[in-house]
Amino acid sequence: MSDRIHQTLVEQYQISELEIQNRKNLFELSDDELEFLNKYRLVIDGHLDEVVAHFYTLLSKDEYVGLLIGDCETFERLKRGLHKYVLDLFSGFYDAEYVNNRLRIGLVHKRIGLEPKYFLSAERYLRQSIDVTLQTLVDDPVITGKISSILEKLIAFDMSWIFDTYISSMLNEMNSLKLKTDLYVKSLEERIRGLSRLASKDPLTDLYNVRSFRDFLRRELLLAKRSHASISIVYFDIDDFKEINDKCGHKEGDNVLKSIGKILMSIARETDIASRQGGDEFCLALIGCELSEAQTISKRLVEKFSAEFPHYALSIGIAELQDQTDLDVDGVIHRADQKMYQAKKVKDVKFVANLNAQ
């Protein structure tokens with residue numbers, strides 16, 4: 001960035017002397033013509049005020065110009081700039097410095113928001129103003145005609161550089177806007193994903209909430225029925241959870257719930273769906289999983305929980321969906337829930353599996 005600031009526009013755009021000469025050739029500007037133009041520099045130098053006055057008379061036909069100029073100080077600065085521009089046309093030096101000044105014109109006018117149509121109209125008015133002034137100073141119409149022809153090509157040469165930076169600045173602006181838009185869209189997408197996640201997840205355990213769980217399970221049940229695949233539902237809660245909250249405080253209760261969320265995420269496979277059903281009740285849908293495997297996974301759940309909370313216990317029920325059944329989401333969850341309550345009735349046994357899905 002700092003290196004670019006210390007470079008001229010010619011250097012930034014990597015414009016060589018060869019490129020400048022090639023563009024002169026493109027506009028059919030010969031050295032003899034440019035030398036001829038330079039001979040009349042002193043003639044035009046003494047009458048720059050007339051050229052500028054005539055130019056702004058023509059330009060002021062458009063009300064937009066007055067709005068663009070804004071105040072007298074800006075107007076005086078613009079007149080001084082036009083003086084220099086006209087003198088440069090007759091300077092005899094059309095090198096890198098000359099081109100750099102033209103590039104700067106395009107860059108500045110793009111920044112102030114001057115549209116290309118005003119460039120083109122101003123170019124026409126300037127040529128008219130110079131022609132009118134020269135016709136009063138030079139008697140020979142052949143010479144004034146030749147000067148006018150050379151100026152037409154030279155100003156076209158100038159405009160090509162002006163529009164190079166104008167268009168480049170416009171493209172940079174568009175790219176910058178695109179980058180900002182892309183960043184905004186990315187940020188918006190992340191926010192939407194975050195909101196979607198918040199809408200589908202339980203904030204305490206980071207497991208799916210009831211609504212999302214049922215939506216996912218409903219889809220998996222349809223797929224399972226079509227492919228005759230197995231699904232096992234593990235439903236469980238924490239025994240005497242109310243006493244944990246009452247005796248140890250809600251912070252301890254929340255800590256237990258959070259830990260269960262982590263345990264479920266650690267034992268669940270990529271295709272499984274883990275959820276908090278509310279309070280201290282949880283449900284794990286094991287996709288493509290038969291009863292025996294569901295029992296194994298549930299034992300791992302109990303082992304991990306007991307290792308972390310040896311004084312607490314879980315009651316678990318399992319229901320397996322069989323391909324000949326025609327149960328809805330509520331039905332299969334209800335069967336697993338009932339198995340969990342059966343477990344609670346068995347004294348000192350905190351894990352009871354449904355040995356058949358009937």
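User: Before we get to the surface, what goes into a patch here?
Analyst: Patches are made of residues with over 30% relative accessible area and no salt bridge, and nonpolar side chains are joined within 5 Å. Keep in mind that this is a predicted model.

User: OK, which residues make the nonpolar surface patch of about 350 Å²?
Analyst: Ile167, Met170, Leu171 and Met174 make that patch.

User: Where is Met170 found?
Analyst: Met170 is in helix α11, which covers residues 141–200.

User: And why does Met170 count as partly exposed?
Analyst: Because its relative accessibility is 32%, and partly exposed lies between the 20% and 50% limits.

User: Switching to pockets. How much space lies in the largest pocket?
Analyst: About 1,000 Å³. It is lined by 31 residues, and Leu78, Gly81, Leu82, Ile105 and His109 are the closest to its centre.

User: Which helix gives the most to that lining?
Analyst: α8, with eight residues. Helices that each supply at least two residues to the lining of the largest pocket include α6 (48–59), α7 (63–69), α9 (96–111) and α10 (116–137).

User: What is the lining of the largest pocket like by class?
Analyst: It has 20 nonpolar, five polar and six charged residues.

User: And the second largest pocket, what volume does it have?
Analyst: About 160 Å³.

User: Which residues line the second largest pocket?
Analyst: Arg4, Leu9, Gln12, Tyr13, Leu107, Arg111, Ser169 and Asn172. The elements giving two or more of these lining residues are α2 (9–12), α9 and α11.

User: How does the lining of the second largest pocket split by class?
Analyst: Three residues are nonpolar, three polar and two charged.

Methods: Residues numbered from 1 in each chain as written. Predicted model: local features only at pLDDT ≥ 70, side-chain atom pairs only at ≥ 80, totals over all residues. Heavy atoms only, no water. Patch = residues over 30% accessible without salt bridge, like charges linked within 9 Å, V, L, I, M, F, W, Y side chains within 5 Å. Areas by Shrake-Rupley, 256 points an atom, 1.4 Å probe, with all protein chains shown as cover. Salt bridge = Lys/Arg side-chain N within 4 Å of Asp/Glu carboxyl O. Helix = DSSP H or I, 4+ residues; strand = E, 2+ residues; numbered from the N terminus. Buried < 20%, exposed > 50% of the residue type's maximum accessible area, 1.4 Å probe, protein only. 1 Å grid on protein atoms, 1.4 Å probe; cavity = no way out; pocket = protein on both sides within 12 Å on 5 of 7 lines; lining within 4 Å. Points joined across faces, edges and corners; volume = space filled by probe spheres on them. Nonpolar A, V, L, I, M, F, W, Y, C, P; charged D, E, K, R; others polar.
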